[in-house]
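This report describes one structure, shown below. The sections after it take the DNA strands, the nonpolar cores and the aromatic pairs in turn.

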Protein chains: 2
Amino acid sequence: MNRPRPTSRDVARLAGVSRTTVSLVLNNVPDVKISPETRQRVLDAARRLNYYPDVSARRLVSGKTHTIALVWHRGPDATYRDAFLPGLLQGITRAARHYGYHLLFRPIDPDDPDEAYVELARGRHTDGLVLSGPRSDDPSLLELYRDGFPLVLHGQLPGTEVPSVDVDNVRGAIQAVHHLLSLGHRRIGMITNAPLAYISSRQRLDGYRQALEAAGLTYDPELVQFGNFDEESGRKAMLSLLDLPTPPTAVFVASDMVAIGALRAILDHGLRVPEDIAIVGFDDIAAARFVSPPLTTIRVPAFGLGWTAGELLIRIIEQDQPEHTQVLLETELIVRRSCGAKEGGGK
Amino acid sequence: MNRPRPTSRDVARLAGVSRTTVSLVLNNVPDVKISPETRQRVLDAARRLNYYPDVSARRLVSGKTHTIALVWHRGPDATYRDAFLPGLLQGITRAARHYGYHLLFRPIDPDDPDEAYVELARGRHTDGLVLSGPRSDDPSLLELYRDGFPLVLHGQLPGTEVPSVDVDNVRGAIQAVHHLLSLGHRRIGMITNAPLAYISSRQRLDGYRQALEAAGLTYDPELVQFGNFDEESGRKAMLSLLDLPTPPTAVFVASDMVAIGALRAILDHGLRVPEDIAIVGFDDIAAARFVSPPLTTIRVPAFGLGWTAGELLIRIIEQDQPEHTQVLLETELIVRRSCGAKEGGGK
DNA sequence: TAATGTAATTAACACGTGTTAGTAACACGT
DNA sequence: ACGTGTTACTAACACGTGTTAATTACATTA
């Protein structure tokens, strides 16, 4: 703060060369001849002055910011909001660092205007955006995409070609239901993670249906209830299922948080898990290990989603045409006690 | 990508004025006379061209980046790493947005050089840094501080004047132990969250001691065991306490994750919680609500820490001398079932 | 009428860097 | 002696903005 920071001009003066030479040396520009002595003099001078190039100037002239941004929509889903953020962030930043990029984190609060992130792109804060939780009614998103601005969605926007990374919800649900089927269950209920307006909710329901039909069972709407992100919604949905003339012997709950509510409802009802009713959840949030009984669930690869989104975005930025721009990542079945399997090893 | 983005020169041309006028209008520079018609012409032109100023150029000339960075050291503490990040990040970004700043997120992995963040400051990526989990043997930190670079620590560096924000670990521990005392316990053990090399660990132990002494009890080293961040360390530590000739009737475990391990040890030993041994944890991680019995604990205000650190940093950046530059935030006792209190209401 | 003041606008410089086109010095072959 | 390369370096421009000092046009005052 006291003395001004050194510029490349200061380095040039100290080394007795031109500013151009300093730039050429410090950036290791290939195919340019600089004598070893001069090169060393420049490096010494830079070190002595503790010189760091000013990134703003560099960005201005190069047109590249070497920064990507994560735009994080805070929706109503607290699980998504809190449980996945650390893994996703770590994945994105790891990818960013690997390619020499920085990460700008930009949450969009419910009271923010939806297109608050546009400024990041238009003002050249960043070379590209990862948009988490895109809304299909967002016009600025498609506008940016049409203008050729590098964009990757975390989530999906059906009917568009916008590059995206998401979990394979359909296959995840199939894994869960298939597991219950393999344990002998034939009357399997489902509680969705959210209302069907949410894509992930539709997809997980679809997987449930596919798994049943592949096993020769008919889909019965009466066995399906709708959750709404939180525990309480799971409790209520489960009570409805328990009220049926013939309740299911197993339930697939497409969200761990909702599943925890369902679990509570079953226990409060005087039934046992998994002996009377088996449960499989979805997400593998941290708490799933700690409820009683520990929850069998479908793990979502948060780190992998982050890494993949980051890498895909950077490859788009650098014009390195990736073959697949819409990626679905596999889930993993984590067997714990709530499903009644002999024991899978999911620690 | 196709056509080049518009510059202020384009706006000036379209509005039929000089570039200077455009700048004056768009930045609402006070005490400068622009006729209303001209002003409107400029605004219209900017809107028609969808003009956004280039931040790199703006930063270069102004010398301000309007960006702060969060440097996140990934230590061995998984709880700290994952459970607090969402709240802390939300707090910092909220503060940043409130003052018109952006946030750069920079994790430092164990394999990164410790001073990898210095480039952020020296290269003018950011106007200031929040350093989470500072190490006292970090020379570049003190160097930056001496050079007057705006810095706020999340955590503490005893013996320095570097501005910092942290939880009041001593008082938090006192709250926990005081609660157990008020329930009638006289033989209270402790398991630390980590080895005593960690400041938070020493402070929580200190609080335990102070609370005992304030109640007229003598500190007994045989009742103190040392945890090491994870469940397993808590299990082992608890087994040692159970092996004592006279085990304690209550335990203060200075980390929820460690406490969950201790809880398991007690139950595995055939004892009941809280009837035989009461437990109070520390941190209030998400899982604390879901274990059986639900864990009474000390809540750490993650959002508040983030907000306070962000606001303090920005006030330092903007030369708005804050009166207190070393802040300790209060914790909150969350009563659940593991302590045996009648019921506090901690949901 | 000339001097003075005020409102509205702009020319010109600065910020610190990357990069292109060019120059000077010198060796080499004919 | 003269062109032809090659090596090692530099002068000058560009990037897009904020801001200071100057300029013009015009009303007001002495």
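## DNA strand D

DNA strand D is surrounded by 23 residues, and the closest are Ser18(A), Thr38(A), Ser8(B), Arg19(B) and Tyr51(B). Of the strand D atoms that come within 4 Å of the protein, 55% belong to sugar and phosphate. The model is a predicted one.

Three polar contacts can be picked out on this strand. Arg19(B) has a polar side-chain atom 2.7 Å from a base oxygen of DNA strand D. Tyr51(B) places a polar side-chain atom 2.6 Å from a phosphate oxygen of the strand, while for Asp54(B) a backbone N or O atom lies 3.2 Å from a phosphate oxygen. Two or more residues of the surface near DNA strand D come from each of these elements: α2 and α4 of chain A, and α2 and α4 of chain B. By residue type, the surface near DNA strand D divides into 9 nonpolar, 10 polar and 4 charged.

## DNA strand C

Around DNA strand C there are 23 residues, of which Ser8(A), Arg19(A), Tyr51(A), Thr21(B) and Thr38(B) come nearest. Here sugar and phosphate account for 56% of the strand C atoms that come within 4 Å of the protein.

Both chains reach phosphate oxygens of this strand. In chain A, an N or O atom in the side chain of Arg58(A) is 3.0 Å from a phosphate oxygen of DNA strand C. In chain B, the distance is 2.8 Å for a polar backbone atom of Ser18(B), and 2.8 Å for an N or O atom in the side chain of Thr21(B). The surface near DNA strand C receives at least two residues from each of α2 (19-26) and α4 (55-62) of chain A and α2 (19-26) and α4 (55-62) of chain B. Its residues are 9 nonpolar, 10 polar and 4 charged.

## Nonpolar cores

The largest nonpolar core has 147 residues, and the members that touch the most others are Tyr208(A), Met238(A), Phe252(A), Tyr208(B), Met238(B) and Phe252(B). Helix α12 (residues 256-268) of chain A gives the largest share of this core, 8 residues. Another core, of 36 residues, lies apart from it and includes Leu153(A), Leu104(B), Leu120(B) and Leu153(B).

What does Met238(A) touch, leaving aside its neighbours within four places in sequence? Its contacts are Ile191(A), Val251(A), Ala262(A), Ala265(A), Ile266(A) and Ile277(A). In soluble globular proteins, nonpolar side chains tend to be buried together.

## Aromatic pairs

Over all chains there are 6 aromatic pairs. One of them joins Tyr198(A) and Phe229(A) edge-to-face, at 5.2 Å centre to centre and with 90° between the planes. Tyr198(A) is in the loop between β6 (188-191) and α10 (199-214) of chain A, and Phe229(A) is in the loop between β7 (224-225) and α11 (231-242) of chain A, so the pair ties together parts 31 residues apart in sequence. Tyr198(A) is partly exposed, with a relative accessible area of 28%, whereas Phe229(A), at 11%, counts as buried.

Tyr208(B) and Tyr219(B) also form an edge-to-face pair, with 6.1 Å centre to centre and 70° between the planes. Tyr208(B) sits in helix α10 (residues 199-214) of chain B and Tyr219(B) in the loop between α10 and β7 (224-225) of chain B, so this pair ties together parts 11 residues apart in sequence. Tyr208(B) counts as buried because its relative accessibility is 0%.

Methods:
Residues numbered from 1 in each chain as written. Chains lettered and ligands numbered in written order. Predicted model: local features only at pLDDT ≥ 70, side-chain atom pairs only at ≥ 80, totals over all residues. Heavy atoms only, no water. Near = heavy atom within 4 Å. Polar contact = N/O pair within 3.5 Å; in protein donor to acceptor, adjacent residues only side chain to side chain. Helix = DSSP H or I, 4+ residues; strand = E, 2+ residues; numbered from the N terminus. Nonpolar A, V, L, I, M, F, W, Y, C, P; charged D, E, K, R; others polar. Core = buried A, V, L, I, M, F, W, Y, C linked by side-chain atoms within 4.5 Å. Buried < 20%, exposed > 50% of the residue type's maximum accessible area, 1.4 Å probe, protein only. Contact = heavy atoms within 4.5 Å. Phe/Tyr/Trp six-rings, centres within 6.5 Å; stacked < 30°, edge-to-face > 60°.
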